[in-house]
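This report examines one protein chain through its helix packing, its charged pairs and its overall dimensions. The sequence and the structure are shown first.

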Amino acid sequence: MKYVTVKGSDRQFSQISLGTMRIVRKEIDENGNKVYVGKSVEEVENLIKCALDLGINLIDTADIYGHGLAEELIGEVIKKNPAIREKMILQTKCAVVSTDEEKNYNVSKEYILASVNASLKRLNTDYLDVLLLHKPDPLYDPAEIGEAFEQLYEEGKVHNFGVSNFTSLQAAVIQKHCKRPIAFNQLQFSIVHSLMIDSEVNVNTRSEYAVNYDMGLLDYCRLNDIRIEAYSVVQGDKGVFIDNPGYEKLNQVMDDLCIKYHTNKNALAVAWLLKHPAGIIPTIGTTNPEHLKDSLDALNFTLTRQDWFDLYLASGKPLP
């Protein structure tokens, strides 16, 4: 495993993280009600131990995953294995409110503080290594966020802070009011879902790919030493792009590169992100330890510049 530094922290973060959204799933019970069902504690324990054995120390979750169930399962693993907590860089997210009565985003000071306290209880820990604000709240008060972050830091409850799915300007406004650095922005990013790159490649053209959806987000993060954590690394508009007939040309190129690098398509998807000099941290969301190992083969080779572009172009995007 390779490790990277993060602004404001003296710890080394694994270059790849484990995402835990899929350790819970939504089902409909016999009465037509939405319920969340989780993997067994043993399954989650095996997954986390496998990640740690592979050198992955950044474990990502969120309070909205299964309405807290994902955090509870991780908490049970920590309860069974207290020594494991020191090995983990535990990251969770808050801001998404979704109940039968309410659906909104909330990054008020009161909500952030309450969310963190609830997450700490579910996770069976007294501190979070990283807290991310999950979604932009259009009613956000950056001064309140700054106050909440500072209180959590002074109380020892959160060591590092960041955002998820925020624009560059939103991150800048929040940073203005925060003593602690905004060190992360977690964003959807893949060979297919590459809007941050598309607009850069097609700048000053009339191409549909020239539309700048995020106000220079990629360069803003690079300029300010904000680590991008990429999620949905094998997802496109038509679902998972690996072996998807909707992405025939891309899979043909991937087939050829699998032979060239003696690897697999999951690893290629990760290697494409690792090739970028911004130091992106791909988040692997599998619940299968073997699939996790497959993805980590990306660390054993480096795509050439042309191979990187071949994958990008095979996803259907042009070079002007």
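On helix α8 of this predicted model, the face turned away from the buried side carries Glu248, Lys249, Asp256 and Ile259, which are exposed. The helix itself runs over residues 248-261 and so comprises 14 residues. From its first C-alpha to its last, α8 reaches 20 Å, close to the 20 Å expected at 1.5 Å a residue.

The buried set of α8 consists of Leu250, Asn251, Val253, Met254, Leu257, Cys258 and Tyr261. Because these residues cover an arc of only 155 degrees around the axis, they are placed on the same side of α8. What do the buried residues of α8 pack against? Their partners are α9 (265-274) and α11 (305-314).

Asp307 provides a view of this region from helix α11, in which it lies. With neighbours within four places in sequence left aside, Asp307 is in contact with Leu257, Lys260 and Tyr261. Two of these residues, Leu257 and Tyr261, are listed among the buried residues of α8. Asp307 counts as buried because its relative accessibility is 7%, below the 20% limit for that class. Just after α8, His262 takes a positive phi of about 55 degrees.

**Salt bridges**

Side chains of opposite charge can pair when their charged atoms come close. A search of the whole structure finds 13 salt bridges; the table gives examples.

| Pair | Closest N to O distance |
|---|---|
| Arg11 and Asp129 | 3.2 Å |
| Glu45 and Lys49 | 3.2 Å |
| Glu71 and Arg122 | 2.7 Å |

The salt bridge of Arg11 with Asp129 has its closest N and O atoms 3.2 Å apart. Arg11 lies in the loop between β1 (3-4) and β2 (13-14), whereas Asp129 belongs to strand β10 (residues 128-133), so the pair ties together parts that are 118 residues apart in sequence. Are the two partners buried or partly exposed? Arg11 counts as partly exposed at 27% relative accessibility, while Asp129, at 3%, counts as buried.

The pair formed by Glu45 and Lys49 is set within one element. Both residues lie in helix α1 (residues 41-53), where 4 residues, about one turn of the helix, separate them. Glu45 has a relative accessibility of 9% and therefore counts as buried. Lys49 is partly exposed, because its relative accessible area is 33%.

The salt bridge between Glu71 and Arg122, at 2.7 Å from N to O, joins two helices. Glu71 is part of helix α2 (residues 69-80) and Arg122 is part of helix α3 (residues 109-123), so the pair ties together parts that are 51 residues apart in sequence. Glu71 counts as buried at 0% relative accessibility, and Arg122 is partly exposed with a relative accessible area of 23%. Elsewhere, salt bridges that share partners join Arg11, Arg85 and Asp129 into one network.

**Surroundings of Ser119**

Glu71 also takes part in a polar contact of 2.9 Å, which joins its side chain to that of Ser119. Ser119 is found in helix α3, the helix that also holds Arg122. Which residues does Ser119 touch, not counting those up to four places away in sequence? They are Asp63, Glu71 and Thr92. Ser119 counts as buried because its relative accessibility is 1%. Glu71, at 0% relative accessibility, counts as buried too.

**The chain as a whole**

The secondary structure of the protein chain comes to 11 helices and 16 strands. Along the principal axes, its C-alpha trace spans about 50 × 45 × 45 Å. A compact globule of 320 residues would have a radius of gyration near 20 Å, and the protein chain has 20 Å, so the value agrees with that expectation.

Of the 320 residues, 54% count as buried. Among contacts in the protein chain with a separation of 6 or more, 73% come from residues 24 or more positions apart. The salt bridge of Arg11 and Asp129 illustrates a link between parts distant in sequence, because it ties together parts that are 118 residues apart.

How values were computed. Residues numbered from 1 in each chain as written. Predicted model: local features only at pLDDT ≥ 70, side-chain atom pairs only at ≥ 80, totals over all residues. Heavy atoms only, no water. Helix = DSSP H or I, 4+ residues; strand = E, 2+ residues; numbered from the N terminus. Expected span 1.5 Å × (residues − 1). Buried < 20%, exposed > 50% of the residue type's maximum accessible area, 1.4 Å probe, protein only. Arc of directions from axis to C-beta. Contact = heavy atoms within 4.5 Å. Salt bridge = Lys/Arg side-chain N within 4 Å of Asp/Glu carboxyl O. Polar contact = N/O pair within 3.5 Å; in protein donor to acceptor, adjacent residues only side chain to side chain. Rg over C-alpha atoms; globule rule 2.2 N^0.38 Å.
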